[in-house]
Amino acid sequence: MYPRPLAPDARMQRGVYMTIVAVILVLWLLPLIAVIATSFRSVEDILAGNYWGWPKSFAIGENYIDVFTETAMWRYILNSLIIALPTVLGVLVLSTFTGFVLSKFRFPGATLIFALFVGGNFLPHQIMMIPVRDLMVRVELYNTYFALIVFHVAFQTGFATLFMRNFIAALPGELFEAARSEGASQFQVLWHVVIPLVRPALAALAILTFTFVWNDYFWSIVLTQSDAVKPVTAGLANLKGEWMSAWNLIAAGTIIVAIPPVVMFFLMQKHFIAGLTLGAVKG
Amino acid sequence: MNRSISEIAGSLPKSVELQAVAKNYGTHSVLKGIDLAIDRGEFVVMVGPSGCGKSTLLKSIAGLATLTSGRILINGRDVTHQEPGDRGIAMVFQSYALYPHMTVAENMGFGLRMVKRPRAEIDVAVERAARILRITDQLDKLPRQLSGGQRQRVAIGRAITRSPEVFLFDEPLSNLDASLRTQMRVELSGLHAELGSTMIYVTHDQVEAMTMASRIVILNSGLIEQVGAPLELYANPRNLFVAGFLGAPRMNFFQATVDAVAADTVILQVVGAEKTISFPAVDTGSLSVGETLTVGIRPEHLAPLDAPMPGRVDLPATVRLVEHLGRETILYADASPLTTIGSESGTGTFTVQVNAVVSYYHGAPIRIGFAPSSAYLFARDGRTLSPRRTAGSGGSLT
């Protein structure tokens, strides 16, 4: 099996290996390191053009407090949660239904419907920008939470359906036959057999959807305008205008925004990894 | 016992009745018109080679496969278009199909929970089934904590809990190792005696069929070849397929041409051997001289002879392989240029089963003898031409 572990006594090889790993790691993390470093700097440091050097003075506390006191950060974060959590719920519920039906029932048009779900993923978002904004204005949802919730649910469900369909299709068919022969209705099969067994997949899907919606910038600026509903990604961009060169605050805000998906990943890591390997260890 | 049950059952509706059951997948027809009536309390084993349609037939009875045409009646009720849960059946699957996230007790009570039976009733039913199968101490475990045999018991327990009219088993023992399979076979027979329910059991294992069935149904490419009690089928196979299918080691077949025909005898010239043999036969009117027939002899009806014996015909052969099974010995003897058909060990090879320990060196010349009355004759279309014999005696050598 490759990669083979290096022999403990091959010092030379070990040294080279560790160096390469370290270099790649630093390169990989460089943008993040830069953002973290910037979030620690004082305004003077940045004005002096010291972007990469050791900070002359640390302003960690000030930056991280200021980003909450001087901006509408709380409001933005709350907006993001108000948009992301219902979206995740909606996507999970809908894709469980669609995935179940598309994996276990044969009916005319099933393939076409599935193709539509999958095909939707291949549409470039940019070409939908104007029609979707137009639509939201007309149905009077523009610049509301619902604009983003409805849009994200609609478009995340496509991928989520593909995902759930494949997981449910991988469950042993005899389980469904057993439940049916015991008199369970299709809804009971879904509730008592399918959902408990695809919980890892649901957890994985929840993380993916949450991260996508939380990190979305494009649709946030297309479908919202006011600070009252703007999610945090779009809100952060506002800081650029209000605080001309307050990169330290933007950096601090960025770090804070990055935390929830990371926390969520760790919380659900167990399920997530189980979800990725679910198909391999059925039964 | 069986007879009295069937006498009583004569006045009652049949437990399961299949009427011209047919099933097509596209243009491929899997079941080509099956008619079968099963009495209450029977243990019917459906057996046949892979692809014969036995599992599809079982799923059709369960309602998991829809019929192309025909009717299925359970207890006199037409269930052809009913949901599986409303048919009064319970199915035990090859893979056990236990719900992995439920405990043993939850697995067993699932069916009753789904139809909203009261909690107390479910507990009583689960408790009873667990006691019958001796898994009372496993009730709180998850399926993955159980061994294969225990999982199998839970799967059966789940069926018992629903107290169905008919139990359906789909190759339930094929995932178990040999010794456990023997044990479960005995337990299943015991369970059948204890519950007295109708059981339909699908397997490809003829030992299971022979040992457990009150009646065997032999299926081949979507049609019933023969139905009957195990020993009856063994002694009086209706055709060449059934003769070749039942019995391990398999029946030996070789070809012979008709030399002369009388009312109850045919004299055959063995193809590839300078030998004419006179066999008892029925329905000889249809035979004509020169026609090729198939002769079948079970391995236990062949014996190695040291010298010619009166009443036995013998064929010269050489020993190719000797298998010592302890109590018995299986000889593979080459009688070419005589050709055997579909032999397990190659063309021209006879399988001989000796109920003693015998030793031969490779290539030893022997004579394999048999009584013509123990042989079976098959016409060109496969139908049996030999006279009926009593089930259980089978016209043995002794």
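The dialogue below walks through a predicted model, taking up one chain, its domains, the cores and the place where two chains touch.

Me: Where should I start with chain B, and how many helices and strands does chain B have?

Reply: A count of elements is a useful beginning, and here chain B has 9 helices and 20 strands. The C-alpha trace of chain B spans about 75 × 45 × 45 Å along its principal axes, and buried residues make up 39% of the 398 residues in this chain.

Me: What share of the contacts in chain B join residues at least 24 apart?

Reply: Here one looks at how far apart in sequence the two partners of a contact are. Among contacts in chain B between residues at least 6 apart in sequence, 65% join residues at least 24 apart.

Me: Into which domains is chain B divided?

Reply: The assignment gives domain 1, covering 2-240, and domain 2, covering 244-378. With two domains in view, one can ask about their separation and then about their contact: the C-alpha centres of these two domains of chain B lie 38 Å apart, while the contact between them takes 7 residues from domain 1 and 7 residues from domain 2. On the side of domain 1 of chain B that touches domain 2, there are 5 nonpolar residues, 2 polar ones and no charged ones.

Me: How should I read a nonpolar core, and which residues have the most contacts inside the largest one?

Reply: A core is read as a set of buried nonpolar residues joined to one another through C-beta atoms within 7 Å. The largest in this model has 145 residues, and those with the most contacts inside it are Val45(B), Met46(B), Leu168(B), Ile200(B) and Ala333(B). The element that gives the most to this core is helix α7 of chain A, residues 145-169, with 11 residues. A second core, separate from that one, has 13 residues and includes Met73(A), Leu236(A), Ile250(A) and Val257(A).

Me: With which residues is Leu168(B) in contact, leaving aside its neighbours within four places in sequence?

Reply: Following a single residue makes a core easier to trace on the structure. Once those neighbours are set aside, the partners of Leu168(B) are Leu58(B), Ile61(B), Ala62(B), Ile89(B), Ala90(B), Met91(B) and Ile200(B).

Me: How many residues of chain A are in contact with chain B, and which element gives the most to that side?

Reply: An interface is read one side at a time. In this model 14 residues of chain A are in contact with 18 residues of chain B. On the chain A side, the elements giving two or more residues are α8 (173-181) and α9 (186-197), and α8(A) gives the most, with 6 residues. By class, this side of chain A has 7 nonpolar, 3 polar and 4 charged residues.

Methods: Residues are numbered from 1 along each chain as its sequence is written. Chains are lettered from A and ligands numbered from 1 in the order in which they are written. This is a predicted model: local features need pLDDT of at least 70, side-chain atom pairs count only at pLDDT 80 or more; totals for chains, interfaces and linings use all residues. A residue is buried if 20 or more other C-beta atoms lie within 10 Å of its own, exposed if 12 or fewer, and partly exposed in between; C-beta atoms are placed from the backbone. Helices (H or I, at least four residues) and strands (E, at least two) are DSSP runs, numbered from the N terminus. Domain bounds come from an automatic or database domain assignment. Ala, Val, Leu, Ile, Met, Phe, Trp, Tyr, Cys and Pro count as nonpolar, Asp, Glu, Lys and Arg as charged, and the others, Gly among them, as polar.
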